[in-house]
Amino acid sequence: MGVQGFQEYIEKHCPNAVVPVELQKLARGSLVGGGRQRPPQIPLRLLVDADNCLHRLYGGFYTDWVSGGQWNHMLGYLAALAKTCFNGNIELLVCFNGALEKGRLHEWVKRQVNERQTAQQIVSHVQNKGTPPPKVWFLPPVCMAHCIRLALLRFHIGVVQTIEDHHQEVIALFRENGFHGLVAYDSDYALCNIPYYFSAHALKLSRNGKSLTTSQYLMHEVAKQLNLNPNRFVIFASLLGNHILPDEDLAAFHWSLLGPEHPLASLKVRAHQLVLPPCDVVIRAVADYVRNLQDIHDLEAIAKDIFKHSQSRTDDKVVRFKKAVEYYATASKPLHFPHLVRPNQMGLPAAPQMLNIPGNILKCSHVSDHKGWDKQRNQMDNIPEGDHGDQNKSDPSVTSPVNQGLEGRGHVGVNAHIPSLLSMPTRNHMDITTPPLPVVAPEVLRVAEHRHKKGLMYPYIYHVLTKGEIKLSVTIEDEANKDLPSAVQLYRPIRQYVYGVLFSLAEAKKKAERLAMRRNHLPDYPTVIIKEWAAYKGKSPHTPELVEALPFREWTCPNLKKLWLGKAVEDKNWRMRAFLACMRSDTPAMLNPANVPTPLMVLCCVLRLITWIHAEFSWLLFLCIMFIILKYIYILLLVILGHTGF
């Protein structure tokens, strides 16, 4: 688990560092973390990392999440949360992860492998027992983050979206905009000198909506428990294993810290797999090592020592170690980052001011009662610690004694050298080079970046326009049924048309034909290839699939600049037709507003898409009902192509 296991280590082994707090008391001017006094008339400004608390913002581990979730239940919870914050003088800014983060792709690959296993456990449980799966198997419904973001905007809660490096931008946003606390659950924040760090997993809203509580992490208590000066946390984080220098590359170093006499020494190699020491053992051993370093600034000497057991790629590991140190050193200082979303870009007020939650929103008939949230959460919190094991699976190629136990292990001599297996390349994904993307108009890129940062646009759009690739998360589907295609495959044709609209392929194709006619040769049509990273049956997430963007055959769609920035009535009609064409619904009847009222447009498109799929695959009709939520992902994509949002 590397550095990501440090957060759980704090919870389990540093009880004095986890203190329950009531946010309303802090907002009334109480001491913040035992520190400075905050004037009570100023709102308590908290930055929330949505990536760490989607299940809390969703309203807890609601029992119906497995079948797609409940929009009304989520709205009810978020409405109550917004009202509580308004009445309690608390101002929230929720930051969503909108970064592609190719540098963390190997972490994403491991997570997809684990979530794919969890999805199959869920399907098996539902089929065999006919009851909702255990809450510890919670797998977010597809597009849940986007739905939560739209709901937060509806309730006037501040929303932003990162663009390049999520963790770095969250930290910079926190430091440069005077927030009083960060609500998250990530080891990177714990190790980056965040002064007031609150738990996103412990965030709870009482049944009556009057009490908002969580836990605060006191990092000076953690440092005391580890007997490690916080100014050495940068080296400490770099040597635990992270997205820059994976723990697999540090396995030999970690085992060497334990020594041949350690009880776990015989587990170094088992069944030709790379075996990592337990996370808590590694944390204590690395803390002891860093504590005893004579000079933490002599990176060359440190690198030479930690990689003395490495048998391959030593130079590459040294470079990665230095980059990791630089990364955590930068994150620990209040510096400006070039990709930071500035306050004026986000639409944040220059000075702290209260959010205005209209009363009629909080009384909407679309908002369900929020009774029973605490009961559901208490049930989750009271699950024995051992029941959480199914969620913490390791990558099949990397095992840990914690997960497999000590039974049946082979024995290795105490004087045996660490084998070369521990120094083999650990890159667990392979990228593919694709042709360069077409040039996108500067005006279009400016609009895309602006809407992306303000959380008004689905992040896939910016990723496609600027990177030419997207990551598709695991969905809950039955991989044992070989006759049914996966959701990724089923909706790929829609995505291909979306790609064609984004890169104005229809217009480019028309230009190529005119040029070929003038030069009297065959047209050279432009080819746009998008990389789709996904994991589904028969497809691992380790390599991307190359998907070609497609133009519409029946008509020439205007370029993206005209679709987005055009203000004429004709441009509005083009936007609607582009949306309907992607959904295979651009028929004369559907294009006539008199036939299909706008509020019913989405529903009609879904029904027509089901009809088309049924015509193509008659045995897939019932599958479409299960995947209706997936259709909304692409509906939202196309709606956002215009100015109206959603």
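This tour visits a strand, a helix and a surface patch in a predicted model.

**Strand 5 and its neighbours**

Select residues 181-184, which make up strand 5. Color the two sides separately: Gly181 and Val183 lie on one, Leu182 and Ala184 on the other. All four residues are buried, and both faces of the strand are covered.

Next, add residues 44-49, which are strand 2. Strand 2 pairs with strand 5 in the parallel sense, over 3 bridges. Show Val48 and Val183 as sticks; Val48 stands opposite Val183 of strand 5.

Now add residues 197-199, strand 6. Strand 6 also pairs with strand 5 in the parallel sense, again over 3 bridges. Here the residue opposite Val183 is Phe198 of strand 6.

**Helix 13**

Move to residues 299-306, helix 13. Which residues of this helix are buried? They are Ile302, Ala303 and Ile306. Turn the view to look down the axis of helix 13: the buried residues fall within an arc of 95°, so they line one face of the helix.

To see what covers these buried residues, display helix 10 (233-240), helix 11 (251-258), helix 12 (279-291) and helix 14 (314-331), which are among the covering elements.

**A patch on the surface**

Finally, select Leu600, Leu603 and Leu607 and switch on the surface. These leucines form a nonpolar patch there, with about 270 Å² of accessible area together. Leu603 sits in helix 27, residues 601-616. Is Leu603 buried, exposed or partly exposed? Leu603 counts as partly exposed because its relative accessibility is 46%, and the partly exposed class lies between under 20% (buried) and over 50% (exposed).

Key
Residues numbered from 1 in each chain as written. Predicted model: local features only at pLDDT ≥ 70, side-chain atom pairs only at ≥ 80, totals over all residues. Heavy atoms only, no water. Buried < 20%, exposed > 50% of the residue type's maximum accessible area, 1.4 Å probe, protein only. Arc of directions from axis to C-beta. Contact = heavy atoms within 4.5 Å. Pairing = 2+ DSSP bridges. Patch = residues over 30% accessible without salt bridge, like charges linked within 9 Å, V, L, I, M, F, W, Y side chains within 5 Å. Areas by Shrake-Rupley, 256 points an atom, 1.4 Å probe, with all protein chains shown as cover. Salt bridge = Lys/Arg side-chain N within 4 Å of Asp/Glu carboxyl O.
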